[in-house]
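User: I'd like to go through this structure with you, piece by piece. Can we begin with the empty space inside?

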Amino acid sequence: MDIQNNVIKTYLKNVFFVTGTACGGKSTISRALAQRHHLLLFDIDQQFDRHRQLSDPAFQPAMNRNFRDADEFFGRSVEEYRKWLLDNTREQLDFVLLDLIRLSHDRPVVCDCHLTLEQAGLFTDPARVVFLLKEPSNIIDDYCNRPDHQGFNRFINSASDPERAKATCNETLRSLNADFYCAVKRSEYFWLERTPDSTVQKTVELVERHFGLHR
């Protein structure tokens, strides 16, 4: 059953979307907004395992693909790795939308997610989405150094050649985010770029102002 996008937008009117590139600050800012404004936090990465249990390999093959070890996982070409990541995001999207419709029925939700510009236009209004960006090169070290990504850090370092695995990840993330990074900057959407001078407090204040949230 296809649901028209105007219907989805109507049912998601209580959802604030925080999206953007890898390491742009999505999780940090989403958590801060949820705490400061008593919003329900919905992190799609944290929901992946639950959504995978609900999925069907016939319809969500990427979500259900298993890998023998880190060497098999990181031994793929950049093109294969990129396609798998995109397919995972696309397959999980239906679960995410249905969860958000249910959860935001009587309570505002902030969603830490991965949206393309096209998806943002289909599912929400510009006033309810922010793109947080980071220049997409050498991202993997920042990613692995985060306390909430230590499982991935251990996994990538379990590869026979961790430096090669990291290089594959960096190139994959760069290829995923480079055009997107530039397109967002040219778009009508509100965006903020993470720099060495960025602070959580200032970023949160700017996002609050964009969303019309007041303490």
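Analyst: The model is a predicted one, and the largest cavity in it holds about 80 Å³ of space.

User: How many cavities of 30 Å³ or more does the structure hold?

Analyst: There is 1 cavity of 30 Å³ or more in the structure.

User: Which residues line the largest cavity, and what is the lining like by class?

Analyst: The lining of the largest cavity consists of F17, I44, T89, Q92, L93, V96, L97, L100, C113, H114, L115 and F123. Sorted by class, 9 of these lining residues are nonpolar and 3 are polar, while no charged residues take part.

User: Where does the largest share of that lining come from?

Analyst: Helix 5, which covers residues 78-103, supplies the largest share of the lining, with 6 residues.

User: OK, switching to the sheet. What is the strand order, and is the pairing parallel or antiparallel?

Analyst: The sheet is open and has 5 strands in the order 2-3-1-4-5, and the pairing is parallel. Strand 2 (40-43) and strand 5 (191-193) each have a single partner strand, so they stand at the edges with one side left without a neighbour in the sheet. From one strand to the next, the twist averages 20 degrees.

User: How many bridges join strand 2 to strand 3, and which residue is the bridge partner of L41?

Analyst: Strand 2 and strand 3 (residues 109-112) run parallel and are joined by 4 bridges; the partner of L41 in strand 3 is V110.

User: And which strands does helix 9 touch? What about helix 10?

Analyst: Helix 9 (residues 162-186) packs on the sheet and touches strand 1 (15-20), strand 4 (129-133) and strand 5, with its direction at about 130 degrees to that of strand 4. Helix 10 (residues 200-211) also packs on the sheet, where it touches strand 1, strand 4 and strand 5, and the direction of helix 10 makes about 155 degrees with that of strand 4.

User: How many salt bridges are there in the whole structure, and which residue pairs with E208?

Analyst: A search of the whole structure gives 12 salt bridges. E208 forms one with R36, and the closest N and O atoms of that pair are 2.7 Å apart. Because E208 belongs to helix 10 and R36 to helix 2 (residues 26-37), the pair ties together parts that are 172 residues apart in sequence.

User: Last one: where is F152, and what is F152 in contact with beyond its sequence neighbours?

Analyst: F152 sits in helix 8 (residues 150-157). Leaving aside neighbours within four places in sequence, F152 is in contact with F74, Y81, I140, Y143, C144 and C169.

Conventions. Residues numbered from 1 in each chain as written. Predicted model: local features only at pLDDT ≥ 70, side-chain atom pairs only at ≥ 80, totals over all residues. Heavy atoms only, no water. Pairing = 2+ DSSP bridges. Helix = DSSP H or I, 4+ residues; strand = E, 2+ residues; numbered from the N terminus. Axes fitted to C-alpha atoms, helices over the stretch in contact; angles between N-to-C directions. Contact = heavy atoms within 4.5 Å. 1 Å grid on protein atoms, 1.4 Å probe; cavity = no way out; pocket = protein on both sides within 12 Å on 5 of 7 lines; lining within 4 Å. Points joined across faces, edges and corners; volume = space filled by probe spheres on them. Nonpolar A, V, L, I, M, F, W, Y, C, P; charged D, E, K, R; others polar. Salt bridge = Lys/Arg side-chain N within 4 Å of Asp/Glu carboxyl O.
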